[in-house]
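Reader: Please take one part of this model and go through it closely, then set it against the rest of the chain. I would like the cut-offs behind each term as it comes up, since I intend to compare them with my own.

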Amino acid sequence: MQTRSVRAIINHERYDDDTVEHDISIVVLSLPVEYEEIEGADMDGSLAANVGLSLTIAGWGTIRSGGRGSDEALRAFVPVVGQGACNQAYGGSIYDGMMCA
C-alpha cells in the first residue's frame with residue numbers, strides 16, 4: 001500500500017455544481033506513486049460515440065447512488081451508453097459535458 005497526501009485538487013474549469021456537468025478533477029499528490037499505466041484519457045470526448053465500448057473507470061467516488069465515498073481508489077469496467085438512452089433513463093438531466101457509461 002502506498003500513502004500520499006494531497007497537495008492540490010484542480011476541478012474542471014467548467015464544472016457545474018447544480019448539474020454536475022464536467023464532474024472531473026485532477027488530484028495532485030505530494031509524491032509520485034507506482035501504478036499500472038492507464039491508457040488514453042478521453043481528452044476530446046470522442047469515446048462517447050463508441051456505444052458498447054468497455055471503459056475503465058477509477059476513483060474514490062461512491063459505488064451506489066447516495067452512497068459514501070471510498071477510502072481507497074477503486075476501479076471498474078463499464079460499457080459506454082448512448083447519450084439519448086442515458087438521458088431518457090435519467091429524466092433529461094444528462095448534458096453535453098457528461099459521458100454515460
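**A strand and the loop that follows**

Author: Setting aside neighbours within four places in sequence, arginine 7 is in contact with Val28, Leu29 and Ser30, where contact means heavy atoms within 4.5 Å. Arginine 7 belongs to strand β1, with strands taken as DSSP runs of E of at least two residues, helices as runs of H or I of at least four, and both numbered from the N terminus. The C-alpha atoms of arginine 7 and leucine 29 are 5.2 Å apart, although 22 residues separate the two along the chain. Arginine 7 counts as exposed because its relative accessible area is 63%; the scale calls a residue buried under 20%, exposed over 50% and partly exposed in between, with a 1.4 Å probe and protein chains only.

Before going further, note that this is a predicted model, in which local features need pLDDT of at least 70 and side-chain atom pairs count only at pLDDT 80 or more, while totals for chains, interfaces and linings use all residues. Residues are numbered from 1 along each chain as its sequence is written, and side-chain values use heavy atoms, with hydrogens and water left out.

The part I would examine most closely is the loop between β1 (6-11) and β2 (25-29), in which valine 20 lies. Threonine 19 is found in this loop as well, and a polar atom of its side chain lies 3.2 Å from the backbone nitrogen of glutamate 21. For reference, a polar contact is a pair of N or O atoms within 3.5 Å; within protein, one atom must be able to donate a hydrogen and the other to accept it, and residues adjacent in sequence count only if both atoms are side-chain atoms. Beyond residues up to four places away in sequence, threonine 19 touches Tyr95 and Met98.

Glutamate 21, also in the loop between β1 and β2, is in contact with Arg14, Tyr15, Asp16, Tyr95, Asp96, Gly97 and Met98, once neighbours within four places in sequence are left aside. Tyr95 and Met98 are thus touched by threonine 19 and are also among the contacts of glutamate 21. Glutamate 21 is buried yet has no salt bridge, and arginine 14, the nearest side chain of opposite charge, is 5.3 Å away. A salt bridge here is a side-chain nitrogen of Lys or Arg within 4 Å of a carboxyl oxygen of Asp or Glu.

On either side of glutamate 21 the backbone deserves a check against your own torsion analysis. Valine 20 has a phi near 55°, a positive value in a residue other than glycine, and histidine 22, likewise not a glycine, has a positive phi of about 60°. Histidine 22 sits in the loop between β1 and β2 too. As for cover, valine 20 is partly exposed because its relative accessible area is 38%, whereas histidine 22 counts as buried because its relative accessibility is 13%.

Turning to the rest of the chain, the structure holds 1 salt bridge. Side chains of opposite charge can pair when their charged atoms come close. Arginine 68 forms such a bridge with aspartate 71, the closest N and O atoms being 3.5 Å apart, and both residues are exposed. Aspartate 71 is also one of the residues touched by tryptophan 60, together with Gly69, Ser70, Glu72 and Ala73, when residues up to four places away in sequence are not counted. Tryptophan 60 is in the loop between β3 and β4 (74-79), with its C-alpha 5.0 Å from that of serine 70, 10 residues apart in sequence. At 49% relative accessibility, tryptophan 60 counts as partly exposed.

For the chain as a whole, there are 1 helix and 4 strands, running β-β-β-β-α from the N terminus on. Of its 101 residues, 12% count as buried, and the C-alpha trace spans about 40 × 30 × 25 Å along its principal axes. Among contacts between residues at least 6 apart in sequence, 34% join residues at least 24 apart.

Note on methods: Lys, Arg positive; Asp, Glu negative; His and termini not counted.
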